Amino acid sequence: MQFTETQKKILRASLSLAFFGLSSSLWGQSEAGLQKGRELATQYCVICHELPSPDLLPKESWEVALAYMGLFLGVVDYSYLEGDSELAMDTVELREELLRAANLVPAQPAISNGDWQALRTYYVSSAPDAAVPQLSRLEIVEDATSFTVLPTQYRMERAITSMIHIDEANGLLLIGDSGSELLTILDRKMSFYDGLATPDMYLVDAEMKGDQIFLLSIGDLFASRIGHKLGSLMQGKEIGGVYIDMKVVLEGLHRPSDFALADLDNDGMDELLVSNFGEYTGNFSIYRRNPESGNFLTEPQVLSSQPGIVKSEPHDFNDDGLLDIVVLMSDARENVSIFINQGDGSFSQKIVVEQHPSFGYTGLELRDFNSDGLMDLVTINGDSGDSDPYNTLKRDHGIRVYLNRGELQFEMVYFYPMFGAYGVEVEDFDQDGDYDMAAISYHPDFAQTPPENFVYLEQTSPLAFAPKTHPATYDGRWLRIESGDVDGDGDKDLVLGAAYLPVGMRASHLDRFQELLQKGVPLLVLENRLKD
């Protein structure tokens, strides 16, 4: 079957968890039928992303995912969900509503009914009954002495901590809560210092440049207003630890998740790099400035129209004196790309790591791990909450270190399995001359006691890490993690921010969710005591 350009565009639009797959129909389970299903998968699935392996998900998750993904092909069929949970049906119905709002459901199916059944059967017949387990790893050790809890005056009922920023220069801690739409500022003693109402602004990122502060709002936290570009950037001035003259300097951003400021053309003026995560559409964009006023131009330079852009970092990878940009993309064609600065305002894209569509990228950091002068990559992946109501445990979730071997070639040299990994901080926490890592999970194995929702990985020898955790982290659902010198003593502390939402917990862990609502704190400050 040949696709029209419109159908291809619809398929490529994809989703945050991309194409998962299939159902429990037992039609055509002969070897010939399965072979046909495999061939159809190589024809249809690869239009949007890498070919997914059937063992990426267990059967029950394929049921829901395929009913959802069929919508992108114009296949609207709920019969395969009969007998499944009401939650599964509700999940797909909601996704259909959102996809139709985004005009992403073709009027006519792009695949015949027989081919669709064969493709579905191939996946579900080949899928395991239960999730494939993680790789083995070192046993995690409980440690309450390397970091100790620093009490705070911060209080927030049913927190949705969407932003944490440590202003080391002024000894301030900024916390953005998207439930209350408030920006709260604490001092070095973790006492209340200042506060600012941020109506209709859901803060997700912040950066200081000299005496200027920039705050990014995603605009539509839960992707409920499809196609509405409600994200914005605020700018203010810092005077004596007080932020004044806060104003919106750029609007119309498409659910941005991250931004960076970088001088890409060496003219002494920073450009704005925006990761527009979007919903089913999004992009990675550069906003340049008016050379006379210094204001950001409203028409961006779009380097990628792929949705699901998570984060970008500027760095000169080819040592030509011009900043390039590494970009983490989490939707459909999940990958790490480096956009090479050509010096004339244009960029060429080089994909350096590409993963399957259920990988669920959530974070990226740049560090030179082996001190060879080449910048290495740290990636984390653990997104499980989009269209899978079961919080399916995925063996590939975790933390990876890629060493830069030169010529834009990267080799994975370390992997720490961690279900639902959602944030990572990379610092020399123990000040012994190498990098350690601290990470949180928003989608851990909630059946595990205690769940692994925080880990500190101490580098004990080159690229060997000893995993530890802290008991104070057990009763929190951590969405944000940030490192910095909170208390002004010269080492890096950790701040964890919680978001108490039932996503991923409705199917099997509502009792545990209620416990978290009762016991969980909105913020946890872990003071570094490694040098004491």
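In this predicted model, Glu181 sits in the loop that links S4 to strand S5 (182-186). Although Glu181 is not a glycine, its phi is positive, at about 55°. Asn266, likewise not a glycine, also has a positive phi of about 55°; its place is the loop between strand S11 (256-262) and strand S12 (271-276). A further backbone feature worth a look is the cis peptide bond that joins Thr449 and Pro450, with omega at about -10°. Pro450 belongs to the loop between S24 and S25. As background to these three places, most residues other than glycine have a negative phi, and most peptide bonds are trans.

Stepping back to the whole chain, the secondary structure comprises six helices and 29 strands. For 532 residues, a compact globule would be expected to have a radius of gyration near 24 Å, and the value of 23 Å for the protein agrees with this. Along the principal axes, the C-alpha atoms fill a box of roughly 70 × 55 × 45 Å. Of the 532 residues, 60% are buried. The accessible surface amounts to about 21200 Å², with 48% of it belonging to carbon and sulfur atoms. Among contacts with a separation of 6 or more, 57% are between residues 24 or more positions apart.

The interior can be followed through its nonpolar cores. The largest of them has 32 residues, and Leu173, Phe454, Leu494, Val495, Leu496, Leu523 and Val525 have the most contacts inside it. Two or more residues of this core come from each of strand S3 (161-167), strand S4 (172-177), strand S24 (436-441), strand S25 (454-461), strand S27 (478-484), strand S28 (493-498), helix H6 (510-519) and strand S29 (523-528). Apart from this core lies another, of 20 residues, including Phe214, Tyr287, Leu479 and Leu501. Leu173, in the largest core, offers a detailed example: with neighbours within four places in sequence set aside, Leu173 is in contact with Ile164, His165, Ile166, Thr184, Ile185, Leu186, Met190, Val495, Leu523 and Val525.

Strand S28 deserves a paragraph of its own. Six of its six residues are buried, so S28 is largely enclosed by the rest of the structure. In a regular strand the side chains alternate between the two faces of the sheet. Here both faces are covered, with Asp493, Val495 and Gly497 buried on one side and Leu494, Leu496 and Ala498 buried on the other. S28 runs antiparallel to S27, and six bridges join the two; within this pairing, Gly484 stands opposite Asp493. S28 also pairs with S29, again in the antiparallel sense, over four bridges, and there Gly497 has Leu523 as its bridge partner.

Just ahead of these residues comes Lys492, placed in the loop between S27 and S28. Its relative accessibility is 25%, and because buried means under 20% and exposed over 50%, Lys492 counts as partly exposed. Beyond residues up to four places away in sequence, Lys492 touches Phe147, Glu168, Glu427, Phe429, Gly484, Asp485 and Asn528. With one of these, Glu168, the Lys492 side chain shares a side-chain polar contact of 2.9 Å. Glu427 lies 65 residues from Lys492 along the chain, yet their C-alpha atoms are separated by 7.4 Å. Gly484, also touched by Lys492, is the residue that stands opposite Asp493 in S28.

Key
Residues are numbered from 1 along each chain as its sequence is written. This is a predicted model: local features need pLDDT of at least 70, side-chain atom pairs count only at pLDDT 80 or more; totals for chains, interfaces and linings use all residues. Side-chain values use heavy atoms; hydrogens and water are left out. A nonpolar core is a set of buried Ala, Val, Leu, Ile, Met, Phe, Trp, Tyr and Cys residues joined through side-chain atoms within 4.5 Å. Buried means under 20% relative accessible area, exposed over 50%, partly exposed in between (1.4 Å probe, protein chains only). Contact means heavy atoms within 4.5 Å. A polar contact is a pair of N or O atoms within 3.5 Å; within protein, one must be able to donate a hydrogen and the other to accept it, and residues adjacent in sequence count only if both atoms are side-chain atoms. The radius of gyration is taken over C-alpha atoms; the globule rule is 2.2 Å times the number of residues to the power 0.38. Accessible areas come from the Shrake-Rupley method with a 1.4 Å probe; for residues, only the protein chains shown count as cover. Two strands pair if DSSP finds at least two bridges between them.
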